[in-house]
Amino acid sequence: MVGSNFSESEERVLICRFLEKGYDQTRSQIVKKDIVRSLMRELRRKHGGRHDRMAVLKKWSDLKRRHMDRVRQIRDQYHQGATLATVRPKRTRRQAEAEEEEEEEEEGIILEEEEEGIILEEEEEGIILEEEEETQEQEEEQPGPSHMAQAIPPPPPPAAPQEGEEGNSSPLSSQDVAYTPNQEIAQQLKKEIKKIKKDHEKMRKDMMRMARKITGLEELINKLT
């Protein structure tokens with residue numbers, strides 16, 4: 001067993017995960033933190049070990065500096081072809097401060113993008129809810145056939161032809177044709193259907209536009225993580 005506090009099985013898991021995830025090949029501090037957190041959870045779940053972040057990093061540094069043969073042996077046994085860890089020189093205080101500032105900037109950028117994504121989602125949800133409410137109000141205000149039949153007065157009876165005009169009567173034009181109550185209802189329903197179809201097409205285009213925005217944000221998040 002190398003060092004103390006870590007069992008041989010825990011050391012093997014630690015070496016395997018750091019080589020598998022490419023811990024020393026990435027420069028992103030956020031990615032490195034995620035690798036360490038995942039390893040800590042795995043050690044706690046499988047081996048009951050409760051090691052904090054600094055203990056894991058110190059153990060990894062000790063293995064690389066003093067026991068590279070063991071690291072190489074485990075690499076060849078479980079992860080052939082994985083890049084061996086390199087030993088970094090000790091950081092100066094200025095380098096450590098610069099890395100901490102870089103890490104804070106990366107975390108700040110991710111938090112800002114997450115907040116922007118949440119705001120966009122809330123705005124899109126608000127637009128969808130408003131459109132649904134408007135559609136519901138239009139449906140509630142739309143009168144049914146029975147109400148429309150009651151609201152439309154019956155057409156007046158045709159005027160009786162005067163004497164001497166029977167022979168001169170001309171056929172009625174299409175504009176002068178009187179519709180029955182049912183025909184009036186049918187005409188109004190056709191207009192309502194046309195309006196609803198137009199509103200539905202507008203909502204469909206808005207949904208497609210919002211879906212594209214969400215897809216773009218998800219791709220950006222995947223690139224950042």
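A residue counts as buried when its relative accessible area is under 20%. With that cut-off in hand, let us walk through this predicted model, starting with a residue that puts the definition to work.

Arg75 sits in helix α4, which covers residues 68–78. Its relative accessible area is 15%, and because that value falls under 20%, Arg75 is classed as buried. What does Arg75 touch, once residues up to four places away in sequence are set aside? The partners are Leu19, Gln80, Gly81, Ala82 and Leu84. The chain also brings Arg75 and Glu20 together across a separation of 55 residues, with 9.3 Å between their C-alpha atoms.

Now let us step back and take in the whole protein. It holds 7 helices and 0 strands, so the pattern read along the sequence is simply α-α-α-α-α-α-α. Of the 225 residues, 23% are buried, and Arg75 is one of the residues in that class. The exposed area of the protein comes to about 17,500 Å², and carbon and sulfur atoms supply 50% of this surface. How much of the contact map comes from residues 24 or more positions apart? Taking the contacts with a separation of 6 or more, such pairs account for 71%.

The aromatic residues give a good example of how separate parts of the sequence meet. Searching the whole structure turns up 2 aromatic pairs. One of them joins Phe18 and Tyr23, whose ring centres are 4.6 Å apart and whose planes make an angle of 50°. Why is this pair called tilted? Planes under 30 degrees apart would count as stacked and planes over 60 as edge-to-face, so an angle of 50° leaves the tilted class. Phe18 also pairs with Trp60, at 4.8 Å centre to centre and 35° between the planes, and this pair is tilted as well. Here the link reaches across the chain: Phe18 belongs to helix α1 and Trp60 to helix α3 (residues 53–66), with their positions 42 residues apart. Together, Phe18, Tyr23 and Trp60 make up one aromatic cluster.

Are the members of this cluster buried or exposed? Phe18 has a relative accessible area of 1% and is buried. Trp60 is buried too, at 1% relative accessibility. Tyr23 has a value of 9%, so Tyr23 also counts as buried.

Our next stop is an enclosed space. The search for cavities of 30 Å³ or more gives a count of 1, and the largest cavity has a volume of about 30 Å³. Its lining consists of Arg17, Lys21, Ile35, Ser38, Leu39 and Glu42. Sorted by class, that makes 2 nonpolar, 1 polar and 3 charged residues. Which helices each supply at least two residues of the lining? They are α1 (8–21) and α2 (29–47). The most comes from α2, which gives 4 residues.

Glu42 deserves a closer look, as one of the residues lining the cavity. This residue lies in helix α2 and has a relative accessibility of 8%, so Glu42 counts as buried. Leaving out residues up to four places away in sequence, Glu42 touches Val13, Arg17 and His47. Of these partners, Arg17 appears in the cavity lining as well. Glu42 can also be compared with Glu10: the two are 32 residues apart in sequence, and 9.5 Å separates their C-alpha atoms in space.

To retrace the route in the viewer, begin at Arg75 in helix α4, move to the aromatic cluster of Phe18, Tyr23 and Trp60, and finish at Glu42 in helix α2, where the lining of the largest cavity also includes Ile35, Ser38 and Leu39.

How values were computed. Residues numbered from 1 in each chain as written. Predicted model: local features only at pLDDT ≥ 70, side-chain atom pairs only at ≥ 80, totals over all residues. Heavy atoms only, no water. Buried < 20%, exposed > 50% of the residue type's maximum accessible area, 1.4 Å probe, protein only. Contact = heavy atoms within 4.5 Å. Areas by Shrake-Rupley, 256 points an atom, 1.4 Å probe, with all protein chains shown as cover. 1 Å grid on protein atoms, 1.4 Å probe; cavity = no way out; pocket = protein on both sides within 12 Å on 5 of 7 lines; lining within 4 Å. Points joined across faces, edges and corners; volume = space filled by probe spheres on them. Nonpolar A, V, L, I, M, F, W, Y, C, P; charged D, E, K, R; others polar. Phe/Tyr/Trp six-rings, centres within 6.5 Å; stacked < 30°, edge-to-face > 60°.
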